[in-house]
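Okay, everyone, thanks for coming. I'd like to walk you through one protein chain today, so have a look at the picture first.

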Amino acid sequence: MKDSVLALLNIALLVTILGSFFLINSQGQLAPQKYDPLVDVNDDGVIDIRDIVAIAIHWGSTGYPMNKSQFVRNGFVNEPWWDSGWVRCNQGYNTFNFNRTLEDPDSALVYMMGKNSTSGRPHQIDYGGDVTQIGNAVGAKWQELTHTSIIVYRGEKDGMWNYVRIMIWQVS
Ligand SMILES: [Ca+2]
């Protein structure tokens, strides 16, 4: 009796899963769902049958769970701890202050992009400064990350880093 109830539940679950593949939007077309990394079991960037197969192979196994949603929240998938947005960057030294305190600058990941204009495309041309130029004349680099600020040095003759966007993740 118990086995037949479980079998019925498994069939109901299978029907629900298969039915979700065929969600139809108001135009009568298959409605693509927003990518959710939590259901991308094999982490290949696609939600497909391979993810379902991976689950099916391990169906019924037990062990210590990993809180994947917590992992994703603390990783790079979600918003950074601080995001400067696109801000003007002058030639020479620029100090950008955070609106809160960075817990541990020694365990932070800093990502910086540049643009030559507000409508330009993001780049990292001469990221870190072109050391072949006297005094790092072109490019930009960040330095002196503290609990409350970061400094960006932009080359005195640089024309590509008029705007910067700095994103920081706390990785502990
Ligand atoms: Ca996948």
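Let's begin with the sheet. Three strands make up an open sheet here, in the order β3-β6-β5, and their pairing is antiparallel. At the edges you'll find β3, residues 92-97, and β5, each of them pairing on one side only. From one strand to the next, the twist averages 25°. If sheets are new to you: strands of a sheet pair through backbone hydrogen bonds, and they can do that parallel or antiparallel.

Now zoom in on one of those pairs. How many bridges join β3 to β6? Six, with β3 and β6, residues 149-154, running antiparallel. To put a finger on one spot, take Tyr93: its bridge partner in β6 is Tyr153.

I should say right away that this is a predicted model. So how confident is the predictor? The pLDDT of the protein chain averages 82, and 71% of the residues score at least 70. Where is confidence lowest, and where is it highest? The low end is α1, with a mean of 59, and the high end is strand β2, residues 87-88, at 97. Where pLDDT is low, the predicted coordinates should not be read in detail. Keep that in mind while you're turning the model around.

Okay, stepping back to the whole chain. In total we have three helices and seven strands. Going from the N terminus, the order is α-α-α-β-β-β-β-β-β-β, so the helices come before the strands. The chain has 172 residues, and 10% of them count as buried. As for contacts with a separation of 6 or more, 59% are between residues 24 or more positions apart.

Last stop: two aspartates with an unusual feature to look up. Asp43 has a positive phi, near 55°, and it isn't a glycine. You'll find Asp43 in the loop between α1 (2-20) and α2 (49-57). The other one is Asp126, also not a glycine, with a positive phi of about 55°. Asp126 lies in the loop between β4 (108-115) and β5 (140-143).

Here's a little puzzle for you: is Asp43 buried or exposed? Count the neighbours: Asp43 has 8 other C-beta atoms within 10 Å, and 12 or fewer means exposed, so Asp43 is exposed. And Asp126, buried or exposed? Asp126 has 21 other C-beta atoms within 10 Å, and the cut-off for buried is 20 or more, so Asp126 is buried.

That's my tour, thanks for listening!

Note on methods:
Residues are numbered from 1 along each chain as its sequence is written. This is a predicted model: local features need pLDDT of at least 70, side-chain atom pairs count only at pLDDT 80 or more; totals for chains, interfaces and linings use all residues. Helices (H or I, at least four residues) and strands (E, at least two) are DSSP runs, numbered from the N terminus. Two residues are in contact if their C-beta atoms, placed from the backbone, lie within 7 Å. pLDDT is the predictor's confidence in each residue, from 0 to 100. Two strands pair if DSSP finds at least two bridges between them. Axes are lines fitted to C-alpha atoms, for helices over the stretch in contact, and angles run from 0 to 180 degrees between N-to-C directions.
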